[in-house]
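Here are some worked exercises for you to try with the model open beside you. Have a go at each task before reading its solution.

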Number of protein chains: 2
Amino acid sequence: VLDFWFDFGSNYSYLSVMRIEQAAAMGGVQVRWKPFLLGPVFASMGWPTSPFVLQKEKGTYVWQDMARQCRKQGIGWRQPRAFPRSAVLALRVALVGAEQPWMARYCRRMMSLNFAEDRDIDALPVVEAVLHELALPAAEILAHAHSHPIKLELRRQTEAAQALGIFGAPMFFVGPDMYWGNDRLDDALAACSEVLS
Amino acid sequence: VLDFWFDFGSNYSYLSVMRIEQAAAMGGVQVRWKPFLLGPVFASMGWPTSPFVLQKEKGTYVWQDMARQCRKQGIGWRQPRAFPRSAVLALRVALVGAEQPWMARYCRRMMSLNFAEDRDIDALPVVEAVLHELALPAAEILAHAHSHPIKLELRRQTEAAQALGIFGAPMFFVGPDMYWGNDRLDDALAACSEVLS
């Protein structure tokens with residue numbers, strides 16, 4: 001089992017979301033999706049926003065790197081006008097779907113909207129349209145996403161991330177072992193497969 | 001041509017130093033070695049030391065990651081008791097050697113001393129011993145390293161790094177294109193080979 005911690009606003013999480021289902025299936029690994037809010041994690045480190053915004057030079061680099069990485073991975077890329085994009089509703093829906101068969105497809109769609117189509121993924125009509133597109137019971141899922149238990153769960157999941165020492169996204173766990181960034185996804189999957197064999 | 005910016009105190013530069021000569025040769029790429037001081041670059045971003053020290057969670061992670069990456073790469077690893085280690089003299093010698101045939105060997109030896117043997121690499125006897133070990137004219141090289149022009153050159157090279165927007169190490173450049181981190185060395189080499197073909 002691989003735990004996959006991510007936020008829809010995180011650009012490097014985009015790279016992982018787009019390939020993790022297939023990569024994990026090839027290695028016989030089960031993915032546990034762990035959506036959380038990266039904002040409060042940054043805030044607890046004293047950062048009012050993403051380090052890619054706070055550090056100008058790193059930010060400039062990251063958009064060049066993203067363009068190259070997306071081309072290499074064969075996925076779309078358009079630098080979002082808003083970054084990091086808030087995605088509270090989208091993440092609550094992800095919590096509803098975390099163990100559902102539609103989770104990976106839903107996440108890929110939300111990530112593509114943010115990072116390949118530059119859309120406001122936190123807007124209710126956008127989330128609703130995605131659910132319809134995936135032929136899911138949108139009204140029911142949205143009602144659940146807006147419920148108190150799910151709101152609480154997103155807060156708790158974010159606190160759990162902090163308790164685990166998570167300082168960025170994407171973050172992977174194989175048991176207690178932490179792997180940071182899309183560049184470590186393959187190592188994390190390989191570590192899972194070793195445990196299996 | 002690949003420009004390779006590094007500091008002996010940088011742990012991820014260690015991973016690149018240990019493999020860049022061979023990897024570049026395989027791709028028919030020439031490496032231009034660019035030793036610089038990472039400390040002033042961090043200082044200009046408002047950081048009194050490495051972010052791996054300033055951010056406790058990230059620091060904890062980095063040493064786990066280093067152990068795994070070194071094992072994967074088949075190189076030694078011992079977490080240095082002093083981090084980031086100052087290496088001003090060692091870097092001045094690297095400036096003397098930057099275009100010499102012994103440069104890659106010298107850098108691998110200094111890096112191994114820091115990250116596999118936990119030695120104080122900035123101490124004169126240590127640098128001297130390495131030069132002797134490599135059968136180089138130690139007295140002559142050290143006299144050159146201690147000269148005013150070389151001291152000035154290290155300062156200038158560090159300013160040049162900042163002017164290029166360098167915010168960490170290792171950093172690679174293929175023409176104007178920046179590649180950050182050991183994880184991007186292969187992409188940078190591939191980009192060089194594309195330019196060549």
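Two strands count as a pair if DSSP finds at least two bridges between them. Helices (H or I, at least four residues) and strands (E, at least two) are DSSP runs, numbered from the N terminus. The model is predicted: local features need pLDDT of at least 70, side-chain atom pairs count only at pLDDT 80 or more, and totals for chains, interfaces and linings use all residues. Residues are numbered from 1 along each chain as its sequence is written, chains are lettered from A and ligands numbered from 1 in the order in which they are written, and side-chain values use heavy atoms, with hydrogens and water left out.

**Exercise 1. The sheet**

Work out the strand order of the open sheet in chain A, and say which strands stand at its edges.

Step 1. Four strands of chain A line up as β2-β1-β3-β4, with mixed pairing.
Step 2. β2 (31–35) and β4 (177–180) of chain A each have a single partner strand, so one side of each has no neighbour in the sheet.
Step 3. From one strand to the next, the twist averages 20 degrees.
Step 4. Now look at one pair: β1(A) and β3(A) run antiparallel, joined over three bridges. In this pairing, A:F4 has A:F172 of β3(A) as its bridge partner.
Step 5. Add the helix: α6(A) packs on the sheet and touches β1 and β2 of chain A (contact means heavy atoms within 4.5 Å). The direction of α6(A) makes about 45 degrees with that of β2(A); axes are lines fitted to C-alpha atoms, for helices over the stretch in contact, and angles run from 0 to 180 degrees between N-to-C directions.

**Exercise 2. An aspartate in a strand**

Find A:D3 and decide: is A:D3 buried or exposed?

Step 1. A:D3 sits in strand β1 (residues 2–6) of chain A.
Step 2. Buried means under 20% relative accessible area, exposed over 50%, and partly exposed in between (1.4 Å probe, protein chains only). A:D3 has a relative accessible area of 12%, so A:D3 is buried.
Step 3. Leaving out residues up to four places away in sequence, A:D3 touches A:R32, A:K34, A:M171, A:F172 and A:F173.
Step 4. The side chains of A:D3 and A:R32 are joined by a polar contact of 2.6 Å. Such a contact is a pair of N or O atoms within 3.5 Å; within protein, one must be able to donate a hydrogen and the other to accept it, and residues adjacent in sequence count only if both atoms are side-chain atoms.

**Exercise 3. A glutamate in a helix**

Which residues does A:E21 touch, not counting residues up to four places away in sequence?

Step 1. Start from helix α1 (residues 11–26) of chain A, which holds A:E21.
Step 2. With those sequence neighbours set aside, A:E21 touches A:A104 and A:R108.
Step 3. Side chain to side chain, A:E21 makes a polar contact with A:R108 at 2.8 Å.
Step 4. A:E21 is partly exposed, at 37% relative accessibility.

**Exercise 4. Backbone checks**

Where do the cis prolines A:P84 and A:P170 lie, and which residues precede them across the cis bond?

Step 1. A:F83 and A:P84 are joined by a cis peptide bond, with omega about -10 degrees. A:P84 is in the loop between α4 (56–73) and α5 (88–97) of chain A.
Step 2. Another cis peptide bond links A:A169 to A:P170, with omega about 0 degrees. A:P170 belongs to the loop between α9 (148–163) and β3 (171–174) of chain A.
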